[in-house]
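Work through the following exercises on the fold and the charged side-chain pairs of one protein chain. Each task is followed by a solution in steps.

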Amino acid sequence: MTRPSGGGDGESMATAKRTAELIRLFEERAPIARFFGMHLSYNEEGGAVVDLPYNPNLDHALGGVHGGVYATMLDTAGWFTAAATTDRSCWAPTSGFTVHLLQPVQRAPLRSLGESREGRQATGRRGDATRGR
């Protein structure tokens, strides 16, 4: 996983420029990114990758990572995945999403991966949150 680099055809250069712009936006203008300690990058498929080092301040009373943290990471990865494929003058809010919590994570970093799916009416996003590295 690396930050986008220029090179290749015009479309990949435009994508690299767009993802670099989004990473800068995330790092410089998203207070929640700094508050949580999240880091944004993009994978080879163009999906946003959000990494979160373990932070005990984000645990719930029983010692696991709070479910709202998973939801925030999934929303972030999904939105930044979709944003990489749209014109920068277009701002698309998240209209809704569902989270299924399958297993709690305790005292471990997290990683959320976004995946874009094109549909008839909207761009769908799928995300997975797992133990980070």
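The exercises go from the whole chain to single residue pairs.

The model is predicted: local features need pLDDT of at least 70, side-chain atom pairs count only at pLDDT 80 or more, and totals for chains, interfaces and linings use all residues. Residues are numbered from 1 along each chain as its sequence is written, and side-chain values use heavy atoms, with hydrogens and water left out.

**Exercise 1. Describe the secondary structure and the burial of the protein chain.**

Step 1. Take helices (H or I, at least four residues) and strands (E, at least two) as DSSP runs, numbered from the N terminus. The protein chain then has 3 helices and 4 strands.

Step 2. Read from the N terminus, the order of the elements is α-α-β-β-α-β-β.

Step 3. Buried means under 20% relative accessible area, exposed over 50%, and partly exposed in between (1.4 Å probe, protein chains only). Of the 133 residues, 35% count as buried.

Step 4. A contact means heavy atoms within 4.5 Å. Among contacts between residues at least 6 apart in sequence, 52% join residues at least 24 apart.

**Exercise 2. Find the salt bridges within helix α1 and state how accessible each partner is.**

Step 1. A salt bridge is a side-chain nitrogen of Lys or Arg within 4 Å of a carboxyl oxygen of Asp or Glu. The whole structure holds 3 salt bridges.

Step 2. One of them joins E21 and R18, with 3.0 Å from N to O. Both residues lie in helix α1 (residues 10–29), 3 residues apart, about one turn of the helix. E21 is partly exposed at 23% relative accessible area, whereas R18 is buried at 12%.

Step 3. R24 pairs with E28, the closest N and O atoms being 3.5 Å apart. These two also lie in helix α1, 4 residues apart, about one turn of the helix. R24 counts as partly exposed because its relative accessibility is 40%; E28, at 51%, counts as exposed.

**Exercise 3. Which residue forms a salt bridge with D51, and which elements hold the two partners?**

Step 1. The partner of D51 is R111, with the closest N and O atoms 2.7 Å apart.

Step 2. R111 lies in strand β3 (residues 110–118) and D51 in strand β2 (residues 48–52), so the pair ties together parts that are 60 residues apart in sequence.

Step 3. Both R111 and D51 are buried.

Step 4. As background, side chains of opposite charge can pair when their charged atoms come close.
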